[in-house]
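Trainee: I have a structure open and would like to learn how to read it. Could you walk me through a few features?

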Amino acid sequence: MYYFKGSAGKSTAVFMDTHSRNIIHLETSDSRMDGRQSKKMDSVLIERGLNHILNVSPYVVAEIITDDNKNLISMMRKFI
């Protein structure tokens with residue numbers, strides 16, 4: 001998964017299959033969609049993307065790698 005923090009409160013999370021290197025899902029957000037809290041955007045995007053991949057797509061998530069972002073780590077615990 002790649003996360004791009006855009007300008008003016010816009011962000012994109014790109015979920016990718018590491019074997020084929022194909023993009024399997026894309027989430028975009030604007031700070032207006034998240035109550036003007038741009039700090040929450042990364043967690044919101046990743047949670048929406050993981051929900052889609054785990055519940056809709058045929059892909060199986062085997063590993064998630066992130067930086068030492070405490071918000072993302074605590075958010076991902078509910079998927080375990």
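Mentor: Happy to! Let's start with an idea for reading surfaces: a nonpolar patch is made of residues with over 30% relative accessible area and no salt bridge, with nonpolar side chains joined within 5 Å. Keep in mind that this is a predicted model.

Trainee: Which residues form a nonpolar patch on the surface here?

Mentor: Leu 54, Val 61 and Ile 64 do, and together they have about 220 Å² of accessible area. Of these, Leu 54 is found in helix 1. With a relative accessible area of 40%, Leu 54 is partly exposed, so it passes the 30% cut-off for a patch.

Trainee: Now for charges. How many salt bridges does the structure hold?

Mentor: The general idea is that side chains of opposite charge can pair when their charged atoms come close. This structure holds 1 salt bridge. Arg 48 pairs with Glu 27, and their closest N and O atoms are 3.0 Å apart. The pair links distant parts of the chain, 21 residues apart: Arg 48 lies in helix 1 (residues 38-55) and Glu 27 in strand 3 (residues 23-30).

Trainee: Is Glu 27 buried or exposed?

Mentor: Glu 27 is buried, at a relative accessible area of 12%. Its partner Arg 48 counts as partly exposed, at 28%.

Trainee: Which element has the lowest mean pLDDT, and which the highest?

Mentor: Where pLDDT is low, the predicted coordinates should not be read in detail. Among the elements of the chain, strand 1 (residues 2-5) has the lowest mean, 53, and strand 3 the highest, 87. The chain averages 76, and 75% of the residues score at least 70.

Definitions and conventions. Residues are numbered from 1 along each chain as its sequence is written. This is a predicted model: local features need pLDDT of at least 70, side-chain atom pairs count only at pLDDT 80 or more; totals for chains, interfaces and linings use all residues. Side-chain values use heavy atoms; hydrogens and water are left out. A salt bridge is a side-chain nitrogen of Lys or Arg within 4 Å of a carboxyl oxygen of Asp or Glu. Helices (H or I, at least four residues) and strands (E, at least two) are DSSP runs, numbered from the N terminus. Buried means under 20% relative accessible area, exposed over 50%, partly exposed in between (1.4 Å probe, protein chains only). pLDDT is the predictor's confidence in each residue, from 0 to 100. Patches are made of residues with over 30% relative accessible area and no salt bridge: like charges are joined within 9 Å, nonpolar side chains (Val, Leu, Ile, Met, Phe, Trp, Tyr) within 5 Å. Accessible areas come from the Shrake-Rupley method with a 1.4 Å probe; for residues, only the protein chains shown count as cover.
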